[in-house]
Each structure stands twice: as structure tokens, then as C-alpha cells.
Amino acid sequence: MKRNRAGGDEGHERHGANLAALRDHNSEVLLGLLRDAAGNGASRAELARRTGLTPQAVSKITARLREAGLVTEAGRRASTGGKPATALRLVPEGAHAVGVRLDRAALTVILVDLAGTVVAERSVPLSFGAGAGTVLDVVAAEVAALPVTGRTVLGVGVAAPGPLDHRAGVLGQVTGFPQWDGFPLREALAERLSLPVVVDKDTNAAALGLLRGPHAHRADSFAYLHLGSGLGAGLVFDGAVHRGARTGAGEFGHQVLSLDGPECGCGRRGCLEALCLAAPGPAEAARLLGVGAANLVRLLDIDRVVLGGERVLADPRPYLAEVRAAVGEPVPVELTPSGPRTVAEGAAELVLAPVFGRG
Ligand SMILES: [Zn+2]
């Protein structure tokens, strides 16, 4: 990637510095409103009304955002009385973010625009157990292969298997992969890519993507249940991802359901994850997932359950039916609207959400 940018590095950094200067609260709030308004845009007067800022302040901030190429004037908005007001819109191609999904057996990297829309995607098999050196080499090569030349890339969001410390970007004792314990993934990758890097647990990233991303359903409170090579949950309460004190929340798969059940990779017996993975078919796995989902809904009074992960997406019908039956009215149970990209889109959202004041 460095090589690709040999000629454009200076321009890239200059633009990056401009963007950094825009990282103040009011700019973020205005950008957030324009992202929500999407194609309709919003007039300066509307933005002033909705933020409580003076029209002069809005004009000044939006002028800077236009200069940075993130906002444009496009068309007119009908206004009640007086002349029609000029509409301001977000420029999706004004900046981009990279989302990296590190799974136990595969790597997915995506490039998204400022609106969160996927512009490019690459996916390769990669064993998480291959060791840090190999994994970083492959991540760097795949990110470099994205069409980043000439584009302003704000940063790289990485969704990795937990447990991990999202503040420090340091991995913990990932079930089955003890060699990653204590590895400073954020620091190592930032140095390798020469870009800012944010790291979070895969299910937390997915939950953030479902809360803020391009397919957000605007629900304020929900649980995202992910059944793929493992089982975990991302929790959203009152419009914010709940990570817990040690980024440890959402270890949904390691609730013990059967005291003498099969051994789990975490060292305990009878965890929901171990039971689901050992189930003879989707019908049995779905029934178990339903029991766990109902426990969670009762414990936390969750508003909505969103299902995803490779195993669910391969055969969604039994999972939807069993979880709906177990959870019961009035809690809606739905499939993730982002499909197999849920975690990767969430990873990119780790970078985008703060730009809109919504980390
Ligand atoms: Zn376990």
C-alpha cells in the first residue's frame, strides 16, 4: 500500500490533516445529520434548527466541510415561504474506511465510502492459528490490494475474535488460539499499514454496524446473535454498544446450559456454543439457540433479536422459527439485513461512526 501511494503520499497526508482538523463535536454532529438525511440532504436552516447552532456557525462549519470535500451543495429544498433553500448533502466518495474481519478460518477486507456503502471486497482463507507474522502479512497484502489509490482512507477497523481489550487493541485468550494472548494487534497493524487502526470484538463491531451502518434499522436496543465458527452476541442498549468493563460482555456462547455436557474450547463443559456446534443438525442447533436467546431476553428485557453468522445464514428458516417460538411475543426476531457482510461492515463502522460523533 505504501508502494502504491509512493507518488500520492504527501497529498494523502495533507488531506488527512484537513480531516483531522474537522474532528470537533459540531462538525461531527452536522455530518451525522447529513448522513441520516442521505440523498435528500438538508438546508443550513434545518441544520441550525436541529442542532441549536446559530445559522452563522452552521455556515462556517459547512464551508469547511465543503472545502474538505465531505459535503456539497446540490439542488434546492422547498421551504415554507421565501425562496427555496440550498440543500447540503454528504459526499459519500469524500472519504473511505477499511473494514477487516479476522475470523478463525478466513479473512475478509472491505472498502466502504463515507456513507458505509461497500465499494470493494476481498476474501481469502486464513487460519487464525497461523501466527501473528503470517496473519499480519496476509492482512497487509489484502488491504493493499483494495482500490485505495487516490482515495482518502480514514483508517482501518478490525473485528477479531474475543476476548480482547478494545481500548488498547490487545488480544486476549481467544478460545483455541492461546498464542494470540497479549498480542498488541492495533499497534502492530497501524505500524504495518501506516493508517490509524481500531480493534474490537467481532460481535461488538457487528452490533455497531447494525446500529449505525448503511442497513441500520434505527432500533435503540437489541441483541445480535452470531452463530458461525463460534457463538457470540453483540449487545446494544439505549443506542450504544455495551462492551462491559473488560470488553467481555456478550460471551453469550459460554453460558453453561448442561452441567455434564460436551467439553467446550473454553475449558468448561456444556456451554451453549459447544452444544450448538455438536448438534446433529440445524433443527437441534436452532432449538438450543432459542433457549439461549430466551434466557438473554428475559435477563435483559431486550427489544429485538437479530440473527447472523454463517451457520444461521446457510439455513435461516429453523433458526428464525425456533428463536421466535422460544422468545415469544412481543420481541421481534429477524435476520441481519447485512447478511454475510455484517461483521466486516461493522468493522468499517468502527472507523466511520466517530466521524459522525457516534462512536
Ligand atoms: Zn465455553
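1. A crossing of two helices is called right-handed if the near helix is turned clockwise from the far one by less than a right angle, and left-handed if it is turned anticlockwise. In this predicted model, helix α9 passes helix α11 in a right-handed crossing. The notes below begin with that pair and then turn to a second helix pair, the zinc site and one buried leucine.

2. Helix α9 covers residues 282-300 and helix α11 covers residues 316-327. Their axes cross at roughly 35 degrees and come within 8 Å. On the α9 side, the residues in contact include Pro 282, Ala 286, Leu 289, Gly 290, Val 297 and Arg 298. On the α11 side they are Pro 318, Tyr 319, Glu 322, Val 323, Ala 326 and Val 327. Sorted by class, the contact of α9 with α11 comprises 14 nonpolar, one polar and three charged residues.

3. Helix α2 (residues 25-37) packs against helix α3 (residues 44-51) at an angle of about 115 degrees, and their axes are 11 Å apart. The crossing of α2 and α3 is right-handed. From α2, Val 29, Leu 30, Leu 33 and Leu 34 take part in the contact, where they meet Leu 47, Arg 50 and Thr 51 of α3. Five of these contact residues are nonpolar, one is polar and one is charged.

4. Which protein atoms serve as donors to the zinc ion? They are ND1 of His 254 and the SG atoms of Cys 264, Cys 266 and Cys 271, at 2.0 to 2.3 Å from the ion. Along the sequence, the donor residues follow the spacing H-x9-C-x1-C-x4-C.

5. Why is the arrangement around the zinc ion tetrahedral? The four donor atoms subtend angles of 104 to 120 degrees there. Four donors count as tetrahedral if all angles lie between 85 and 135 degrees, so the site meets that description.

6. Are the donors Cys 264 and Cys 271 buried or exposed? A residue is termed buried under 20% relative accessible area. Cys 264 counts as buried because its relative accessibility is 7%. Cys 271 is likewise buried, because its relative accessibility is 0%.

7. Leu 65 belongs to helix α4, which spans residues 55-67. Leu 65 has a relative accessible area of 0% and is therefore buried. In sequence, 26 residues separate Leu 65 from Val 91, and in space the two lie 9.9 Å apart, C-alpha to C-alpha.

Key
Residues are numbered from 1 along each chain as its sequence is written. This is a predicted model: local features need pLDDT of at least 70, side-chain atom pairs count only at pLDDT 80 or more; totals for chains, interfaces and linings use all residues. Side-chain values use heavy atoms; hydrogens and water are left out. Donors are N, O and S atoms within 2.8 Å of the metal (3.2 Å for Na, K and Ca); water is not among the atoms, so sites may look incomplete. Four donors count as tetrahedral if all angles lie between 85 and 135 degrees; four count as square planar and six as octahedral if opposite donors are over 155 degrees apart and all others between 65 and 115; anything else is irregular. Buried means under 20% relative accessible area, exposed over 50%, partly exposed in between (1.4 Å probe, protein chains only). Helices (H or I, at least four residues) and strands (E, at least two) are DSSP runs, numbered from the N terminus. Axes are lines fitted to C-alpha atoms, for helices over the stretch in contact, and angles run from 0 to 180 degrees between N-to-C directions. Contact means heavy atoms within 4.5 Å. Ala, Val, Leu, Ile, Met, Phe, Trp, Tyr, Cys and Pro count as nonpolar, Asp, Glu, Lys and Arg as charged, and the others, Gly among them, as polar.
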